[in-house]
Amino acid sequence: MANTKYTSEEITVLKGLEAVRKRPGMYIGTTGMEGVQHLIHEIVDNSVDESMAGFCDTVEILLNEDGSVTVTDNGRGIPVDVKKGTGKSALEIVMTTLHAGGKFESKSYQVSGGLHGVGASVVNALSEHLSVSVKRDGFLHKQEYSRGKIVTEIEKSPLDAAIKNETGTSITFLPDKEIFKNVDYDYKKITDRFRQMAYLNPNLTIRFKSNFHSSIWPNNSTTFRFTGGVESYVRSLNRSRAPIHQNIAAINGTLSPDDSKSKVDTPVIVDIAFQYNETFQENVLSFANCIVTPEGGTHLTGFRRSLTRAINNYGKKNGLLKDDLKDVSGEDVREGLMAVISVKLGEPQFEGQTKAKLGNPEIESAVTSLMTQQLSEYLEDNPNDAKSILEKAATAARAREAAKKARDMVIRKNAMEGGALPGKLADCTEKDPAKSELFLVEGDSAGGSAKQGRDRNFQAILPLRGKILNVEKARPDKMLGHAEIAALITATGTGIGLEDYDASKLRYHKIVIMTDADVDGAHIRTLLLTFFYRNMPQLIGDGNLFIAQPPLYKGVKGKSSQWLYSESEKDGWMAEKVYGKLKIVGTKDKNIKLEKAELGILASNIRDYIESYKGLESLDIPSPVIEKLITDSELSELSFDQPKNEGLPPEDPQASFDDLIEVDPEETEGEPENNLVVEEDIPEITHNVEGFEVTKNIFEHPTLNRLKILYSELGKYINEESFDIFKGDESISSKASWRDIPYLLESNADNTGVSIQRYKGLGEMNADQLWETTMDPENRVLLQVTAEDATAADELFRKLMGDDVAPRRRFIQTNALEVKNIDIA
């Protein structure tokens with residue numbers, strides 16, 4: 001029973017950084033992988049703030065093998081002098097006090113991503129160990145902390161004469177395992193974030209290397225530096241799409257508080273670029289002070305409204321909107337739009353420390369004022385581009401009207417109140433959506449088994465006949481005329497599209513794609529994922545979409561049986577059952593001993609290694625070259641970048657924010673963009689290895705990378721060369737080659753009473769088996785569908801499911817050697 005007393009004694013006051021350790025989610029969002037990576041971004045954002053202020057042009061990030069992170073910049077360095085009235089150094093205050101820093105006043109930072117002033121101190125509080133080194137005023141200042149508390153006083157030592165004028169800050173921290181149970185990092189997510197920051201800060205160099213991800217060596221380091229800003233970013237994002245007009249629209253400018261019309265209290269820099277392509281989707285990335293705002297905010301609202309208004313005004317003025325189409329809606333205008341919106345302001349109002357949405361109301365009017373003038377000028381100056389944009393918007397508007405008529409025929413808005421549902425839907429009796437599940441199954445056969453095996457109290461079944469329409473290639477009106485898609489929309493009850501989707505009307509909070517474990521099943525699953533991603537993205541964002549994982553095999557030995565859900569699980573089970581008496585011992589190194597499940601893993605890796613090796617040989621790469629690329633550490637970081645022009649003097653960093661925002665654009669006009677490459681004018685960089693010219697495509701080939709990873713697992717066995725194999729106490733092979741191990745194990749395996757059954761179709765299972773393995777909440781495995789990187793997801797769907805054949809062909813050619821299972825009819 002709870003204590004009924006409630007007095008001042010029950011009030012707890014958390015001192016210093018105790019509150020951060022007590023409730024870390026309030027400051028970094030989560031204690032999962034995203035939270036661990038958020039610590040990196042907090043420190044890097046501080047370095048980028050120095051860049052935006054004009055005092056830093058290089059940031060280096062090193063992810064160490066033990067999971068610690070080192071971030072180094074060449075900014076001014078955190079102040080180390082004693083702050084009046086506190087008796088503490090500025091460094092100690094910044095690292096140990098919430099809401100302390102140089103970003104609350106406009107003297108040191110006119111703009112900053114770390115407004116809250118909690119970044120460094122929160123990282124300190126959540127780190128098992130943190131050390132900071134500051135180069136400033138000719139001295140190196142070092143201090144160490146642990147879990148937010150000071151371990152050592154500041155140690156001061158003079159810098160060597162050669163570097164006495166250098167400045168900067170270096171912070172190394174190790175996330176605390178008491179807070180983060182699993183310290184892990186996603187290399188791709190981290191590099192994508194750094195790439196964005198480099199685009200948003202022209203001429204800032206960001207170097208990243210991860211020794212933590214040694215398994216992806218040599219592709220575990222990268223450097224970013226771009227000169228073209230957001231225009232280059234849009235050009236890069238649109239590179240593999242088909243732009244419908246040549247010139248990228250660029251809107252940029254600065255609003256000053258001295259201008260009464262601007263209605264801003266601090267300087268605001270707006271930098272926007274956009275270009276349309278032939279796709280049907282909108283792709284807009286928005287940033288505030290280089291912080292990505294996935295939920296948008298006032299800068300995005302201002303952009304969208306101004307874009308719609310400007311295009312409608314231009315269309316009416318120039319007679320491009322016909323009588324049957326008075327105007328185009330915001331949804332029409334945004335079809336096929338690729339845009340990057342970046343604003344930099346003095347006092348950003350983010351929603352929470354994770355900064356998902358910008359809330360400053362004055363930014364909407366700031367963006368609108370610049371867009372209204374400059375976009376009108378762009379349309380007038382580029383009539384051919386303007387005509388292409390208007391024609392696309394008009395086509396989208398007519399298609400939207402056709403789709404609306406089709407939608408009215410197939411969507412029953414009152415599904416929750418007992419409206420007509422698809423006849424093939426076997427509904428559940430549960431009326432609470434939070435407790436209900438909908439299984440989308442492939443064909444009538446699987447549908448029959450699923451209907452018989454389900455728990456009808458909370459599980460509904462919707463069989464889908466054949467393969468649904470590929471919506472990546474279809475207009476909305478055609479999509480809505482497809483019977484299976486119409487049934488799917490009606491069954492879910494939400495409607496589709498950004499404007500019509502209503503999450504409150506979702507009839508099932510778990511929608512599960514359950515298809516066969518073969519090529520056709522994978523294709524149907526991909527088509528369904530394409531439909532949901534393009535038409536119900538919020539369903540994915542809310543975590544309502546799942547993929548069922550039926551077993552691939554059933555292993556039987558004697559009277560015992562086990563369902564096996566993956567190839568590795570099958571290999572492990574087989575090794576336990578049939579290799580039970582076998583043992584492998586190194587001929588030279590007797591400490592190498594393997595048995596049971598270890599033998600299955602070893603045999604599987606050797607087979608994979610030999611197949612991958614043969615795959616590379618099929619590309620006419622000589623064996624000695626393959627060996628050298630796999631084993632020689634000196635070849636781990638071959639560079640295929642074009643040599644830079646070292647004769648140009650480095651640019652001086654901006655002295656202040658005012659200098660930064662008043663750069664004359666004519667000074668950089670006509671300069672070539674670093675990231676624009678004209679293939680025929682630049683010779684390909686190659687490296688001679690054993691008399692063979694290694695190209696970038698060979699060096700980065702997925703199969704070569706797979707071999708390097710496998711070698712890291714198998715190297716000691718390959719170098720051992722020979723092994724003795726025993727069955728019980730009996731020697732069955734002496735000095736056997738590592739290559740022969742899979743064959744020898746199979747030849748001497750005890751297969752008595754052992755059988756493996758492969759399940760490709762759900763219809764092959766009895767109803768009780770389907771329930772036991774795939775539908776029972778107590779036993780099943782479900783994969784939740786997420787799309788955390790919307791740009792990457794859009795790119796992949798367009799590449800694999802779109803009209804353009806060339807990117808899909810390149811993808812198949814690049815990854816052909818990685819295919820392990822092919823169904824041939």
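Biologist: Quick one to start: what's the relative accessible area of Lys424?
Modeller: It's 27%, so Lys424 counts as partly exposed. Bear in mind that this is a predicted model.

Biologist: OK. Which side chain does Lys424 meet in a salt bridge?
Modeller: That's Glu484, at 2.9 Å from N to O. Glu484 belongs to helix α14 (residues 483-492), while Lys424 is in the loop between α11 (383-410) and β17 (437-442), so the salt bridge ties together parts 60 residues apart in sequence.

Biologist: And Glu484, buried or exposed?
Modeller: Buried, because its relative accessibility is 11% and the cut-off for buried is under 20%.

Biologist: Which residues get joined into one network by shared salt-bridge partners?
Modeller: Arg21, Arg147, Asp176 and Glu178. Take Glu178 with Arg21: their closest N and O atoms are 3.2 Å apart. Arg21 sits in helix α1 (residues 18-22) and Glu178 in the loop between β9 (168-175) and α6 (187-200), so that pair bridges a gap of 157 residues in sequence. Arg21 itself is partly exposed, at 21%.

Biologist: How many salt bridges are there?
Modeller: The count is 23. Another one is Arg304 with Glu282, 3.1 Å from N to O. Arg304 is in helix α8 and Glu282 is in the loop between β13 and β14 (283-288), 22 residues apart. Both ends are partly exposed, with Arg304 at 28% and Glu282 at 22%.

Biologist: Switching to aromatics. How many pairs turn up in the whole structure?
Modeller: The search finds 13 aromatic pairs. In one of them, Phe274 and Phe303, the ring centres are 6.0 Å apart and the planes are at 70 degrees, so it's edge-to-face.

Biologist: Where do Phe274 and Phe303 lie along the chain?
Modeller: Phe274 is in strand β13 (residues 268-276) and Phe303 is in helix α8 (residues 298-317), so to speak distant parts of the chain, 29 residues apart. Both rings belong to buried residues: Phe274 has 1% relative accessible area, and Phe303 has 0%.

Biologist: What about Tyr609 and Tyr613?
Modeller: They make a tilted pair, 6.1 Å centre to centre with 40 degrees between the planes. Both are in helix α18 (residues 597-617), 4 residues apart, or about one turn. Tyr609 is buried at 3%, and Tyr613 is buried at 7%.

Biologist: Which residues form an aromatic cluster?
Modeller: Tyr199, Phe224, Phe226, Tyr233 and Phe287 form one.

Biologist: Now helix α3. How far does α3 reach from its first C-alpha to its last?
Modeller: It reaches 28 Å over 20 residues (33-52), close to the 28 Å expected. Of those 20, 17 are buried, so α3 is largely enclosed by the rest of the structure. Gly54 follows the helix, with a positive phi near 95 degrees.

Biologist: And on the outside, which residues form a nonpolar patch?
Modeller: Leu796, Phe811 and Ile812, with about 260 Å² of accessible area together. Ile812 is in helix α26 (residues 805-815) and counts as exposed at 52%.

Biologist: Last bit, the overall picture. How many helices and strands?
Modeller: There are 26 helices and 30 strands. Of the 825 residues, 49% are buried. The accessible surface is about 40800 Å², and carbon and sulfur atoms hold 48% of that.

Terms used: Residues numbered from 1 in each chain as written. Predicted model: local features only at pLDDT ≥ 70, side-chain atom pairs only at ≥ 80, totals over all residues. Heavy atoms only, no water. Patch = residues over 30% accessible without salt bridge, like charges linked within 9 Å, V, L, I, M, F, W, Y side chains within 5 Å. Areas by Shrake-Rupley, 256 points an atom, 1.4 Å probe, with all protein chains shown as cover. Salt bridge = Lys/Arg side-chain N within 4 Å of Asp/Glu carboxyl O. Helix = DSSP H or I, 4+ residues; strand = E, 2+ residues; numbered from the N terminus. Buried < 20%, exposed > 50% of the residue type's maximum accessible area, 1.4 Å probe, protein only. Expected span 1.5 Å × (residues − 1). Phe/Tyr/Trp six-rings, centres within 6.5 Å; stacked < 30°, edge-to-face > 60°.
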